[in-house]
Amino acid sequence: MRARPLTAALSVLVLGLALAGCGGAGSANTIVLYNGQHPQLTDALVQAFTRQTGIHVSIRTGDGIVLADQILQEGSDSPADVYLTENSPELMNLEAHGLLAKLPDTILDQIPAREDSPLGEWVGVALRVSVLAYDPARLSASQLPTSVLQLAEPQWKGKIAIAPTDSDFPPLVGAIIARYGISAGEHWLAGLKQNAQTYQDHEGVVAAVNRGDVAAGIINQYYWYRLRVEVGNGAIHSKLHYFPNHDVGSIENISGAAVLSSSHNRQAAQAFVRFIVSPAGQRILAGSYDFEYPARPGIAPNPALPSLSSIAPATLSVTALGTDQTAARLVEQAGLA
């Protein structure tokens with residue numbers, strides 16, 4: 001199980017899960033979704049799915065890490081039928097505990113194999129890329145780092161913002177560990193402990209950078225695009241820097257969906273997952289306010305986004321990225337959680 005202290009700041013969300021749902025375990029015409037994705041996107045997917053199939057979805061929304069922890073605690077008694085989350089490590093952790101069901105090939109074959117579970121127990125839904133948001137009034141292009149590891153160096157003291165208790169942070173630490181080793185991860189986190197201003201979430205980080213409170217911040221790219229929609233182009237004073245040369249500072253993260261092995265309505269649960277990765281579901285994702293990249297080939301992303309080929313993000317297998325357990329432990333040991 002994930003180290004509990006990392007999720008302590010988030011665990012209060014668990015108290016609201018029962019209120020966020022609309023009932024207990026799924027009936028023959030209802031499934032229960034534990035949703036760690038953005039509510040606006042999930043609501044759009046659920047509404048379209050119900051219109052198409054007549055199957056209702058009871059949504060319980062919370063942080064993906066918190067929901068994964070709840071499933072681990074509930075075990076075979078979980079009322080959830082489907083788990084949808086933003087990062088692959090939570091799915092890999094549940095898979096390692098034997099809590100996910102094998103998906104049929106009719107679902108898995110719709111998404112490239114490198115973006116699916118190695119055991120066929122979850123499927124990739126969307127892609128996101130970690131980036132550096134920065135204030136061009138405080139950092140020139142020549143001052144931008146070429147590697148995420150540089151942010152641990154003394155010259156970045158007071159210039160960088162992070163959200164170490166946000167569920168999107170451990171996958172970045174995990175990518176550093178996978179690429180450079182545990183010692184490099186420890187050194188990087190120790191440097192950030194000295195250098196960084198900390199915020200509760202990536203929304204707080206990107207807002208602080210855009211206000212000019214801090215020179216730069218580590219986020220996933222879609223937070224910046226969502227902020228631009230919220231405040232308007234005229235109020236955007238920040239830019240995005242994608243780390244070059246496939247540096248893991250710009251790691252491609254996979255959002256995915258799974259059917260729980262304990263589901264009592266597996267056929268309907270599979271139908272929902274199948275819809276998410278279908279052309280119709282992926283077009284909803286591409287056209288949403290979410291600004292993630294569709295995992296299904298042939299579906300163009302939101303036109304505001306640069307192409308993945310132009311970004312050339314770092315990619316790691318979901319097996320190499322792992323379950324985030326080591327990353328969570330290192331974040332805690334560094335005093336960042």
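Which residues line the largest cavity? In this predicted model, the lining is made up of Ser88, Ile251, Glu252, Asn253, Ile254, Leu316, Ser317, Val318 and Leu321. Two elements, strand E9 (252–259) and helix H14 (318–321), each give two or more residues to this lining. The largest share comes from E9, with three residues. By class, the lining of the largest cavity holds five nonpolar residues, three polar residues and one charged residue. The volume of the largest cavity is about 40 Å³. Over the whole structure, the search returns three cavities of 30 Å³ or more.

Strand E9 is also a pairing partner of strand E4, to which it is joined by six bridges in an antiparallel arrangement. Within this pair, Ala126 has Ser255 of E9 as its bridge partner. Strand E4 spans residues 123–134 and is mostly covered, with twelve of its twelve residues buried.

Three further strands pair with E4. Strand E10 (residues 293–294) is antiparallel to E4 and is linked to E4 by two bridges; here Leu127 lies opposite Tyr293 of E10. Strand E7 (residues 216–220) also runs antiparallel to E4, with five bridges between them. In this pairing, Leu132 is placed opposite Ile218 of E7. Strand E8 (residues 239–241) is likewise antiparallel to E4, and three bridges connect the two. Tyr134 has Lys239 as its bridge partner in E8.

Strand E4 further contributes to the largest nonpolar core. This core contains 42 residues, of which Tyr83, Leu94, Trp122, Ile219 and Leu240 touch the most other members. At least two residues of the core are supplied by each of strand E1 (30–35), helix H4 (64–74), helix H5 (88–96), E4, helix H9 (202–211), helix H10 (221–231) and E9. Helix H10 provides the largest share, five residues. When residues up to four places away in sequence are not counted, Ile219 touches Val129, Ser130, Val131, Ala133, His202, Val205, Val206, Trp224 and Leu240. A second core, separate from this one, has 33 residues, among them Leu172, Ala175, Trp188 and Leu189.

The remaining feature considered is an open pocket. The second largest pocket encloses about 220 Å³ of space. Its lining consists of 16 residues, and those closest to the centre of the pocket are Leu127, Tyr293, Pro294, Ile299 and Leu308. Two or more lining residues come from each of E10 and helix H13 (308–311). The lining of the second largest pocket divides into ten nonpolar, two polar and four charged residues. Leu127 and Tyr293, which stand opposite each other in the pairing of E4 with E10, thus reappear among the residues closest to the centre of this pocket.

Conventions
Residues are numbered from 1 along each chain as its sequence is written. This is a predicted model: local features need pLDDT of at least 70, side-chain atom pairs count only at pLDDT 80 or more; totals for chains, interfaces and linings use all residues. Side-chain values use heavy atoms; hydrogens and water are left out. On a 1 Å grid over the protein atoms alone, a cavity is a set of points where a 1.4 Å probe fits but cannot get out, and a pocket is an open set with protein on both sides within 12 Å along at least five of seven lines; lining residues have an atom within 4 Å of a point. Grid points are joined across faces, edges and corners, and a volume is the space filled by probe spheres set on the points. Helices (H or I, at least four residues) and strands (E, at least two) are DSSP runs, numbered from the N terminus. Ala, Val, Leu, Ile, Met, Phe, Trp, Tyr, Cys and Pro count as nonpolar, Asp, Glu, Lys and Arg as charged, and the others, Gly among them, as polar. Buried means under 20% relative accessible area, exposed over 50%, partly exposed in between (1.4 Å probe, protein chains only). Two strands pair if DSSP finds at least two bridges between them. A nonpolar core is a set of buried Ala, Val, Leu, Ile, Met, Phe, Trp, Tyr and Cys residues joined through side-chain atoms within 4.5 Å. Contact means heavy atoms within 4.5 Å.
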